[in-house]
There are 2 protein chains.
Amino acid sequence: MPQTTNPHQLSERSLYLFKSLVEHFIADGQPVGSRTLARDIELELSPATIRNIMADLEDIGLLHSPHTSAGRIPTVKGYRLFVDSLLRVHQLNSREIERIAEELNPGQDKQALLKRTSNILSEITRLAGVVMLPRTEQQSLKRVEFVSLTDNRILVILVINESEIQNRIIHTARIYTPSELQQASNYLNDMFAGKDLPTIRSEILKELKRMKENVNQIMQTAIEMAQQAFMNIEPRDDYVLAGQTNLMDVAELCDVERLKKLFDSFNQKRDILHLLEQSIHAKGVQIFIGEEAGYDVLDNCSVVISPYEVEGQILGVLGVIGPTRMHYERVIPIVDITAKMLGSALNSYN
Amino acid sequence: MPQTTNPHQLSERSLYLFKSLVEHFIADGQPVGSRTLARDIELELSPATIRNIMADLEDIGLLHSPHTSAGRIPTVKGYRLFVDSLLRVHQLNSREIERIAEELNPGQDKQALLKRTSNILSEITRLAGVVMLPRTEQQSLKRVEFVSLTDNRILVILVINESEIQNRIIHTARIYTPSELQQASNYLNDMFAGKDLPTIRSEILKELKRMKENVNQIMQTAIEMAQQAFMNIEPRDDYVLAGQTNLMDVAELCDVERLKKLFDSFNQKRDILHLLEQSIHAKGVQIFIGEEAGYDVLDNCSVVISPYEVEGQILGVLGVIGPTRMHYERVIPIVDITAKMLGSALNSYN
DNA sequence: TTTAGCACTCTCCTGATTAGAGTGCAAAAC
DNA sequence: GTTTTGCACTCTAATCAGGAGAGTGCTAAA
């Protein structure tokens with residue numbers, strides 16, 4: 001009988017041993033030696049036999065010893081094999097599911113919901129939770145409102161898509177009365193509501209050019225204000241992160257230098273954002289282990305993320321960041337289910 | 001000649017030595033010994049003399065040796081004396097002032113301005129910057145708007161005071177047309193604009209009681225929606241913090257345990273908030289050194305804060321958090337001037 | 001093919017030693 | 001009386017050696 005479909009042509013037994021070793025290491029954090037493993041497993045094998053097998057596994061690149069007389073720990077490649085082929089994902093218990101559901105009830109503003117999602121992810125996994133904000137390639141204007149402040153300053157409220165709100169203050173040449181503002185916003189709502197922002201911008205520019213011919217005062221006021229209001233919409237924060245401090249308990253990362261680099265890159269957002277964006281078109285949970293992600297700061301870290309979607313359209317990505325040595329069998333279903341539940345929570349906004 | 005007005009009856013020379021020692025320690029971070037100090041100062045004194053004086057200073061409680069054969073470091077009481085009586089505050093150079101001014105231009109939403117302020121504080125001091133949000137004991141409604149979303153959900157936008165915006169989603173029994181919503185918001189604006197939230201709440205409750213007698217449909221709709229909208233306004237974030245990671249470079253705090261506790265208390269906000277609130281009625285820059293603040297997590301930390309005000313009315317508090325061993329002579333004027341500049345930036349909102 | 005035996009390696013802990021820094025005190029110098 | 005010198009003393013931090021423990025790899029036996 002051939003060794004069937006195993007990757008690396010490994011025997012069942014080797015795989016079993018490897019799996020046990022990884023599980024042991026994830027639980028313990030200490031390099032696992034042959035004797036320990038011999039005690040640990042179901043099979044009756046002597047440490048020597050296990051040593052031989054471990055040597056093979058090391059040759060293939062699945063294991064690695066920190067030094068001669070330490071046990072062995074999985075390499076990135078090893079984790080990869082473990083996660084892809086050996087891992088048996090847990091069922092979540094219903095209490096946890098309920099907890100997530102409770103936290104993810106809609107009925108709050110979208111931003112707050114995402115923040116809560118990030119929080120719950122971090123609390124339930126005891127790692128750092130991250131939720132990328134819905135991709136808004138399509139930002140369509142729902143409504144615009146003006147509120148006059150003192151002097152010639154006007155507060156502009158833009159409601160974009162469903163329930164996203166942007167506000168900014170603009171300055172006008174003269175002071176407008178509330179009813180003028182009302183007329184202006186009515187005009188703009190009639191003209192632009194339902195259109196997406198790039199379109200609106202180009203139409204505003206067109207209107208500005210035509211303006212000389214047209215002397216309608218309301219229109220002119222409205223367009224001038226719209227120009228200020230729509231032209232430089234600041235990009236929002238790109239993701240929300242929660243539970244960073246959980247990572248400070250993790251032994252592997254327990255060095256201030258490393259942690260600082262990691263936290264700094266969380267704040268800068270650039271690297272993490274790139275990583276999250278890679279998954280925006282993936283289906284289901286994706287896992288980046290250690291250096292796989294391609295960012296030095298994420299050495300010894302794994303990222304478990306999943307896109308979340310509403311009616312088949314992917315809106316964003318969420319997940320957790322933790323040490324490579326994490327409880328994948330728990331984390332994966334948590335990320336998975338949270339993505340699904342966030343999707344349906346967001347669904348109720350449309 | 002008596003020893004004049006010095007605190008602790010210290011001679012000029014002792015004070016000079018003490019000041020030099022503190023400055024040396026702040027620059028260096030190492031306990032300062034008699035020999036080092038002898039080299040460092042202007043006066044020609046032998047290490048032995050300095051030792052005698054340092055022993056006196058230690059007796060009074062201004063200095064402390066980590067152990068017999070280390071130099072000496074200032075105690076909290078020592079820092080207090082230094083900061084209150086010996087410190088010569090730097091003039092800020094104009095480049096720094098310009099930098100702050102640039103960052104604090106208004107013309108953005110208030111929240112963003114405060115965030116930027118916090119950022120600039122942390123960047124310029126290389127410590128953690130904190131800005132408490134304007135106290136809104138007085139929250140007066142400027143305007144309320146309704147935007148209908150899908151189904152029976154309605155987005156409520158509350159403009160409170162000047163330029164603060166709260167939004168929430170409410171659910172209604174039936175679906176309203178835009179014009180109904182318009183009428184409702186007109187009604188509520190007429191009724192409540194300019195009043196403060198507690199008043200509004202109590203009036204809403206009164207109206208609800210009277211409602212049976214009154215069958216005006218618009219009013220009923222409006223009041224029902226108002227009830228949902230105004231009743232549980234979530235308290236906003238209470239302060240914004242920036243540059244936490246700067247604290248990870250500080251040698252004194254360089255222990256992951258401590259840092260985690262500190263960061264956790266930043267996230268919980270409770271302790272820090274209490275501390276900030278203590279200064280809300282103070283005038284000018286206040287400094288809490290180490291245990292003075294009364295919170296364990298702030299051991300070895302100092303907090304330099306100042307209220308900021310608009311037209312004589314204190315709105316909030318801002319400042320920085322760093323190690324006790326910080327460059328007070330630089331940090332104090334930075335906090336001071338930033339508070340003033342934030343005040344005038346906010347002034348332009350009124 | 002598996003196991004037992006064994007020499008070997010590496011880490012970690014302990015204890016001893018030393019160099020260095022800094023102190024405190026007593027006696028001498030100013 | 002104040003300042004300095006000289007000196008014994010203390011404490012830390014670094015270095016080194018030695019031993020225990022864990023684990024390996026290899027060889028030979030089962």
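## Two protein chains and two DNA strands

In chain A, the C-alpha centres of domain 2 and domain 3 lie 37 Å apart. This is a predicted model, in which local features need pLDDT of at least 70 and side-chain atom pairs count only at pLDDT 80 or more, while totals for chains, interfaces and linings use all residues. Residues are numbered from 1 along each chain as its sequence is written, chains are lettered from A and ligands numbered from 1 in the order in which they are written, and side-chain values use heavy atoms, with hydrogens and water left out.

Let us start with the layout of chain A. Its domain assignment gives domain 1 (7-86), domain 2 (94-133 + 237-347) and domain 3 (141-231). Those bounds come from an automatic or database domain assignment.

Now to the way the two protein chains pair up. A rotation of 180° with 0.1 Å of shift along its axis places chain A on chain B, with an RMSD of 0.3 Å. The two copies are thus related as by a two-fold rotation axis. The superposition is by least squares on the C-alpha atoms of residues with pLDDT of at least 70 in both copies. Among the residues of chain A, A:V256 comes closest to the rotation axis, its C-alpha being at 3.3 Å.

A:V256 also features in the contact between the chains. That contact (heavy atoms within 4.5 Å) takes 37 residues from chain A and 36 residues from chain B. The buried area, meaning the accessible area (1.4 Å probe) that two parts lose on being put together, summed over both, is about 3,300 Å² between chain A and chain B, and carbon and sulfur atoms give 60% of it. A:M248, A:V256 and A:K260 supply 17% of the area that chain A buries against chain B, more than any other three residues. Of the interface residues of chain A, 97% are also interface residues in chain B, so the copies meet through the same surface.

Next comes the DNA. A residue is near a strand if one of its heavy atoms lies within 4 Å of it. DNA strand C is surrounded by 21 residues, and the closest are A:R13, A:T49, A:T68, A:S69 and B:S34. Sugar and phosphate account for 72% of the atoms of DNA strand C that come within 4 Å of the protein. Around DNA strand D there are 21 residues, of which A:S34, B:A48, B:T49, B:T68 and B:S69 come nearest. For DNA strand D, 71% of the atoms within 4 Å of the protein belong to sugar or phosphate, and the rest to bases.

Some polar contacts (pairs of N or O atoms within 3.5 Å) are listed here.

| Protein atom | DNA atom | Distance |
|---|---|---|
| B:S34, polar side-chain atom | strand C, phosphate oxygen | 2.6 Å |
| B:R51, polar side-chain atom | strand C, base nitrogen | 3.1 Å |
| A:R51, side-chain N or O atom | strand C, base oxygen | 3.5 Å |
| A:R72, polar side-chain atom | strand D, phosphate oxygen | 2.8 Å |
| A:S69, backbone N or O atom | strand D, sugar or linking oxygen | 3.2 Å |

Which helix gives the most to the surface near each strand? For DNA strand C it is α3(A), with 4 residues, and for DNA strand D it is α3(B), with 4 residues. Helices here are DSSP runs (H or I, at least four residues), numbered from the N terminus.

Methods
Polar contact = N/O pair within 3.5 Å; in protein donor to acceptor, adjacent residues only side chain to side chain. Helix = DSSP H or I, 4+ residues; strand = E, 2+ residues; numbered from the N terminus.
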